Amino acid sequence: MDIVLLESLGVSDAVIEGHAQKLAAMGHSLAVCERSADPTVQARQIGSAEAVILANMPLAAEAVAAAPNLRFIDVAFTGVDHIPLDVCRERSIAVSNASGYATQAVAELTIGFMIDLLRSVDAAQVRCREGATKAGLPANLLAGKTVGIVGAGVIGKRVAQLAKAFGCRTLAHNRRPVSDPAIDESVSLDELLRRSDIVTLHCPLTADTKGLIGAEQLALMKPTTLLINTARGPVVDADALAEALREGRIAGAACDVFDQEPPLPADCPLLHCPNILVTPHIGFYTAESMEERTEIVFDNLYAWLGGHQQNAVL
C-alpha cells in the first residue's frame with residue numbers, strides 16, 4: 001500500500017525513517033513530500049496513495065476529490081477544521097486525529113499568557129532593554145483571579161487544574177454538562193464573561209463557535225478582563241477585539257491563533273492594537289508534543305492497516 005506524508009511532523013528524519021522501514025517490512029511504502037498549499041501539487045503528491053498523513057496544513061477538497069484510491073487521512077493534530085470532511089464523507093474516507101498530544105503544551109502556554117499579561121512581562125523586558133524602569137507598569141497576581149474557561153474538554157480541564165494550583169476560582173461554559181473537581185461552577189457564556197477576570201478559549205471551531213466572541217460578548221466583560229485565545233482564530237471576531245483593546249474596554253489579550261495560519265498579513269487587525277500578545281500558533285509546539293503526536297499518528301496508521309480504526313473522527 002502506498003502512504004504519503006504530506007508535511008514535516010517536526011521530528012528528526014531518523015524517526016520518520018524508522019517508521020518507513022517498519023512499513024516497508026510490512027509490505028507498504030512511505031513517501032515524504034514537501035509541504036505545499038497548492039491543490040494541484042497536493043493532488044499530484046497524493047497520486048494513487050491509499051493513506052495520507054499530515055499535520056495542520058489545509059488539505060484542499062480538490063486534492064481529496066481527485067485521489068482515486070484514498071481511503072484514510074491520518075491527522076497529526078487535534079482539530080480537523082482544515083480537512084474537507086464533507087468530501088471525506090462522500091467518498092467514505094476514514095479520518096483519525098491525534099487528540100491529546102498537545103494538552104499539556106497548550107495548557108502551559110495559556111497559564112504563561114496569564115502571568116505574562118498580569119505582570120506586564122512583555123512591556124517590562126522592552127523597558128529593561130531601553131534602560132528604563134518598571135515605574136507605572138501594572139502588575140497583579142494570578143492567585144485569587146476568577147478564570148472563565150470556554151470549552152471544558154481535555155485541554156480546558158487541564159487549564160482549570162493548573163489555574164487551581166495557582167489559587168484561582170474557575171468557571172466553565174461547555175456545550176455539554178461538565179463535572180470536574182478543578183471546575184468550581186458551570187455557567188452560561190454570558191455569566192462567565194461578566195464574572196471572569198480572565199477568559200480563556202478552548203473550544204473547537206464549528207458553525208456554532210465561529211464568531212462566538214464578538215462585540216456583544218466583549219461588551220459584557222469587565223474593563224480589567226483579559227482574553228486568551230489558544231483555540232482557533234475565527235472563534236473571536238478579530239476586528240471587534242482590536243477595537244475593544246484600542247478603546248480600553250478590556251485590559252488585554254493574548255492570541256496564538258488567527259483567522260489564517262501565520263505568516264500573517266500586515267493588515268491583520270490584531271497586530272496593530274495595544275495590550276496584546278501575539279504568537280504564531282506555538283501552543284502545540286514543544287519537542288515533547290511533536291514526539292507524542294508522531295507516535296500517535298503512526299499508531300493510528302498501524303491500527304488502520306491492521307483493520308481497525310482508532311482516534312476516529314470519521
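1. Ten salt bridges turn up in a search of the whole structure. The model is a predicted one. Three of the pairs are taken up below, followed by the pockets.

2. Asp86 and Arg89 pair through their side chains, with N to O at 3.0 Å. Both sit in helix α4, residues 85–91. They are three residues apart there, so about one helical turn separates them. Asp86 is exposed, at 53% relative accessible area, because the cut-off for that class is over 50%.

3. Lys164 and Asp184 form another salt bridge, and their closest N and O atoms are 2.9 Å apart. This pair links distant parts of the chain. Lys164 belongs to helix α7, while Asp184 lies in the loop between β7 (169–173) and β8 (185–186). The separation is 20 residues. Asp184 is partly exposed, with 31% relative accessibility. Lys164 is also partly exposed, with a relative accessible area of 31%.

4. Arg169 and Glu185 make a salt bridge too, with 2.8 Å between the closest N and O atoms. Here the link runs from strand β7, which holds Arg169, to strand β8, which holds Glu185. The two residues are 16 apart and connect distant parts of the chain. Glu185 counts as partly exposed at 25% relative accessibility. Arg169 is partly exposed as well, at 37%.

5. The Arg169 and Glu185 pair does not stand alone: a network of salt bridges links Arg169, Glu185, Glu191 and Arg195.

6. Now the pockets. The largest holds about 1,100 Å³ of space. It is lined by 41 residues, and Thr78, His202, Cys203, Pro204 and Leu205 are the closest to its centre. Two elements, α5 (103–118) and α7 (154–165), give two or more residues to this lining. Which of the elements gives the most to the lining of the largest pocket? Helix α7 does, with three residues. Lys164, from the salt bridge with Asp184, is in that helix.

7. By class, the lining of the largest pocket splits into 18 nonpolar, 17 polar and six charged residues.

8. The second largest pocket has a volume of about 500 Å³. Its lining has 20 residues. Nearest the centre are Leu117, Ser120, Pro138, Ala251 and Asn275. At least two lining residues come from each of α5, α6 (121–129) and β12 (276–278). Helix α5 thus appears in the linings of both pockets.

9. The lining of the second largest pocket has eleven nonpolar, five polar and four charged residues.

How values were computed
Residues numbered from 1 in each chain as written. Predicted model: local features only at pLDDT ≥ 70, side-chain atom pairs only at ≥ 80, totals over all residues. Heavy atoms only, no water. 1 Å grid on protein atoms, 1.4 Å probe; cavity = no way out; pocket = protein on both sides within 12 Å on 5 of 7 lines; lining within 4 Å. Points joined across faces, edges and corners; volume = space filled by probe spheres on them. Helix = DSSP H or I, 4+ residues; strand = E, 2+ residues; numbered from the N terminus. Nonpolar A, V, L, I, M, F, W, Y, C, P; charged D, E, K, R; others polar. Salt bridge = Lys/Arg side-chain N within 4 Å of Asp/Glu carboxyl O. Buried < 20%, exposed > 50% of the residue type's maximum accessible area, 1.4 Å probe, protein only.
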